Amino acid sequence: MNAWLYVGIFIALSLFFPALLAVLGLILGPRRPNPIKTDTYECGLETVGETWVQFKVQYYLFALVFLVFDVEVVFLYPWAVAYHALPFYGVVEGVIFVVMLAAALVYAWRKGALEWS
Amino acid sequence: MGILSQPIGVIAEWLRNLLLGWGLSQGLTTVLLYLLGGAVVAILVQTWVIFLIWYERKLIGRIQDRLGPNRVGPYGLLQPFADFIKIMTKEVIVPSGADKPLYFWGPILMDAGVLMLWAVIPLMPMVGMDLNVAALYTIAVGGFATLGILLSGWSSNNKFALVSAIRTVAQMVSYEVPTVLALLIPVLLAGTMSLHGIVEAQHVWYIVFAPLAFVIYFLASVAENGRSPFDLMEAESEIVAGFHIEYSGMVFAIFYVADFLHAFTIGALAAVLFLGGWRGPGAESFPLLGFVYLWIKAFAVYFVGVWVRGTVPRVRVDQLMNFSWKFLTPVALILLVLTAVLDHFVFGLGAWARALSHLLMNVVVAVAVLRYLEHHEKVRASRRQMVAQPGQYPVARPPRPAVAENPTEAAS
Amino acid sequence: MTAMQIIFLLTAVVTLFSAFRVVTTPNMIHAALWLVTTLVGVAVLYVLLSASFLAVAQVVIYVGAIAILMMFVIMLTRREMRDHGPQIGKQWPWAAVLAVLFFGGVVWMVQSMSLAAAPAAEVPQTAIADLGKALVSPNGFVIPFEVASVLLLAALIGAVYVAWTRRHS
Amino acid sequence: MIPLNWYLILAAALFSMGLFGVLSRRNAVAILMSVELMLNAVNINLLAFWRYRDPAHPVGMVFAVIVFAVAAAEVAVGLALFIAVYRRFNSVAADEINLLKW
């Protein structure tokens, strides 16, 4: 619990320091906005169209494969911690789990979801 | 307890007694001490960035046959201070149409996501908090940095920033997978997620046990940081300057600080996980020596990172993704399975016998992977030859028309 | 009122306020960010419950992966779904009544039960290793463990199949 | 110490908000977010009972971890469906996707 108290305090501090820098920048710097200056940068041209452009499905697929991997790997961490106390079939079960993970990778690979077209 | 063997412990004890003497309660004293300790660590690493900026500019300069900063102060040492003062007096231009609170949350989250890692890095023996899930914590706070990038790209109200942010996030999540898998190997070998525990378990450094895991961890972390050769997010010719294009002044400097700090933090984490952390001759009796060892090891890894940055040209975006998904991740998976099976049988042996058997396994895997890549390259070369001679059987498919790489294309 | 209770109440306020914003804010990206705040608040609750591993896993899975995925999809499906225009359906009063009724019912039920005021025992130091052992022990949860991996594999296959279309065919 | 019913009431409040969101939101992604709120409320309950009743055995933690997996699978498939639906209907508003409605 004490460890978490320290981590909590540290998290608050690590949010505080960059925020302090930003506030300092806002205070010490000049502040003279005008419409041309605050205009969106687009290589010197006027902005055309909506800013919130749409994206390829490709990005979603990468994030999706990542999500599945992330969740499965989180399952593996307690297994790794208990690893030395496990009998051999416990190890084998972990390996089966990893093989499932590999199967997911192979499927995404064969399907072409990992191609950047 | 002498001041030399327990410097931090002695100071903390003295401060605790002082505060208790003032009539503060036990709980409040603990909170104040933690606050003080945390502030010391945070300020130390943030200040260290000033040196890193000078060092990296100098080193990159020398790699590129330039002098690097050399005007302000001896060897240009005061250059970062001059830059800092200059950037302090610059205007923070918030673009029109920006989502203001999120615009500031972006850089703050990004810097905080790196700084938070220092809460669990064991700086020296018996100092620092022993969080029992520290290894996974290092992955968790990385999520905040990712979120910060997405926020700053989205809130800037700029197409290029948004395209770059999405790209960067896709890159970061892709490289998080091999990072997580490689991190699993030290956890498995040590049987604990506590970083203190991992350091203490390294009677033999884990780089001897698992050099491949170290390489995977290092490469994936560098790529996650988005440094050259993986700096697609800053590809000047495609997306002008990346997700932080609309940032200026001090707020931009926060991104800069976060980048350098991240590079060094990768070094520190790699040192803790694979290079024995504070371990070294005499570290147990003189904890401050352990701190020096850790710093030297972290700096060595950081040096290699800068070296790579100054030497290797930028990769293409499809190569970038393939490198993570089709090379690092499968190798990490194979390595994980083999490590798990092997360690079950050699755990009972002595530390060195265990380490050597793991090393042998790693070497075999590395040779096999290199052999496979060679073979793969040969097959591809022969395929290319077929394309070069049309009319012959079998006719390979014609080369694809080149797709122009520009943001509107990527965005469609 | 102990320090723990104060921390709990602060966390509860933050969590519930952000949950409220998740279901009411018209801007979808803001909703996703409020969701992140809620989930971090829940992670703090897990810490208070001494479930360190679950707290960290919560942040890794939800903040690091699920929230990012959601924001990607919000940006992907954006052309029609502007943030102006109603984001709450006309049926919202009924939904509110139902939610309040449900909450009242649960509170009434919880208050009528006699519940422990303090935990029965401390969490053992080896909780994470115990969890790991339970996940692969035949007397424990090996079937759910392996089924979870199959479920995730199936989810991946399904999701890739549904979302993926070949560009030029 | 914090009494158990504080956790239960907090979880109930979170669940009710999720319920409200599921029933009233128009955007399908927002509905999915509300479902996440409900799942988290369930997880709080599971862990609270684990902590107060039987912390020596990891049963409650196992349940919570399985809920994580289910939540991730649900998000993955749900969002993929929304992308497919969006491609077809150019909208992710739940009340406009009524082809199967009688």
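**Helices, an interface and a core**

Colleague: In what order do the elements of chain A run from the N terminus?

Modeller: This is a predicted model, where local features need pLDDT of at least 70, side-chain atom pairs count only at pLDDT 80 or more, and totals for chains, interfaces and linings use all residues. Residues are numbered from 1 along each chain as its sequence is written, with chains lettered from A and ligands numbered from 1 in the order in which they are written. Chain A has three helices and zero strands, helices being DSSP runs of H or I with at least four residues and strands runs of E with at least two, numbered from the N terminus. From the N terminus on, the order is α-α-α.

Colleague: Which elements of chain C give two or more residues to the side that touches chain A?

Modeller: In chain C, 39 residues are in contact with 38 residues of chain A; contact means C-beta atoms, placed from the backbone, within 7 Å. The elements giving two or more residues to that side of chain C are α3 (52-76), α5 (127-136) and α6 (142-163).

Colleague: Why does the largest nonpolar core lie between two domains of chain C?

Modeller: A nonpolar core is a set of buried Ala, Val, Leu, Ile, Met, Phe, Trp, Tyr and Cys residues joined through C-beta atoms within 7 Å, buried meaning 20 or more other C-beta atoms within 10 Å of a residue's own, placed from the backbone. Of the 271 residues in the largest one, D:A72 and D:A76 touch the most other members. The core lies between the domains, whose bounds come from an automatic or database assignment, because residues are given to it by both domain 1 (1-83) and domain 2 (124-169) of chain C.

Note on methods: Contact = placed C-beta atoms within 7 Å. Buried ≥ 20, exposed ≤ 12 C-beta atoms within 10 Å, placed from the backbone.
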